[in-house]
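User: I'm new to this one and would like a careful walk through its salt bridges. Could you put it up and begin wherever you like?

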Amino acid sequence: MMIFYGFAYFISLLVICYGEQGELEIVDDAEMVGLIRNEKYVIVLFSKKDCAECDKLETALTSVREDLVETLNAWVVKTISSQMVKLYNPAKEPTLVFFRHGVPLLYDGEPNEEVILHFFTENKEPVVKELTDDNFESLTQAASGATTGDWFIMFYSNDCFDCQRLMARWETVAAKLRTRLNVAIINRKSTGRVTSRRFHVIDTPTFLFFRLGKMYHYNIPKYDIASFVSFATEWFRNARSEKVPLPKTPFDDLTQMIADYLRENSWIIKLFSIIICIVITLSLVKKLRAADVNSKKSNKEPKEKSSTKQDKSKKKE
């Protein structure tokens, strides 16, 4: 009897262990945010119920979970019907995101365990470079087209929601192109204001591709990974090229800054126009009143002269 109970206990342990290894830990949004903030590497599967594609991706991820934990010391979890998925992938579930020091990398491949393991282990550090006004020309050598290679740059701003949603995809673009060119970001409204004025960048996000002293605008209305990669490797040849402008002089930059400020704050121009209209109107009213007064004076003077003559003639009589 003891042998039977011992065997049953052993079988139950195997079932429990198998169940623990066969399923990913489920976390809610608050727990996920805590992991992303505090842990170096976190892999999150955004899933939902009754989703066959989600199950396929989870099966592939589960089969390499131990390898990811051993190689990267990463947390591998899943969340169900999370509202945060739209921050990383407009297609929503299933979505697989690898957070490295909080920087997201979107997996856009097939549910293949070997591809997932290779993609994450090869990109365990962020690939996108951060440019500023201070290092832009020295790193890119955009005007000279010299030795640092081609650059694909996204101009973003902190108040641009679309820009924030693009960061995970932009990291994936950089990962796919890392052996061919440089992928970077620059903040249009803070550390990259001078550079943005140099290239007349007003809206965010804006994408510019620099190659051999020329630049190409990415004007395709698609912000998916495949379109970005295709443009940077081949399709840019179909776009209109422009010579990379030299950095502006301080006076030209000041002029451009004023023009951009007025363009972004059109209410100032409207207010100034209203003030001008009011001033012109008041000036016209003043002139009309002055003309009316002069007209009355001119009409009064002949009457006074005629009455004076009549008085003189009466006195003579």
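Analyst: Let me begin with Lys189, which counts as partly exposed at 41% relative accessibility, where buried means under 20% relative accessible area, exposed means over 50%, and partly exposed lies in between, with a 1.4 Å probe and protein chains only. This is a predicted model, in which local features need pLDDT of at least 70 and side-chain atom pairs count only at pLDDT 80 or more, while totals for chains, interfaces and linings use all residues. Residues are numbered from 1 along each chain as its sequence is written, and side-chain values use heavy atoms, with hydrogens and water left out.

User: Which residue does Lys189 form a salt bridge with?

Analyst: The partner is Asp159, and the closest N and O atoms are 2.8 Å apart; a salt bridge here is a side-chain nitrogen of Lys or Arg within 4 Å of a carboxyl oxygen of Asp or Glu. Asp159 sits in the loop between strand S7 (151-156) and H7, whereas Lys189 sits in the loop between strand S8 (182-187) and helix H8 (193-198), so the pair links distant parts of the chain, 30 residues apart. Helices (H or I, at least four residues) and strands (E, at least two) are DSSP runs, numbered from the N terminus.

User: And is Asp159 buried or exposed?

Analyst: Asp159 is exposed, with a relative accessible area of 56%.

User: OK, what about Lys176, which residue does that one pair with?

Analyst: Lys176 forms a salt bridge with Asp108, with 3.4 Å between the closest N and O atoms. Because Lys176 lies in helix H7 (residues 161-177) and Asp108 in the loop between strand S5 (103-107) and helix H5 (113-122), the pair ties together parts that are 68 residues apart in sequence. Lys176 is partly exposed at 40% relative accessibility, and Asp108 is partly exposed as well, at 38%.

User: Where do Glu53 and Lys56 sit?

Analyst: Both are in helix H3 (residues 52-63), three residues apart, which means that about one helical turn separates them. They form a salt bridge whose closest N and O atoms are 3.8 Å apart, with Glu53 partly exposed at 44% and Lys56 partly exposed at 48%.

User: How many salt bridges does the count come to?

Analyst: The count comes to ten, and the three pairs above are among them.

User: Switching topic, how many helices and strands does the protein have?

Analyst: The protein has eleven helices and eleven strands, and buried residues make up 36% of its 317 residues.
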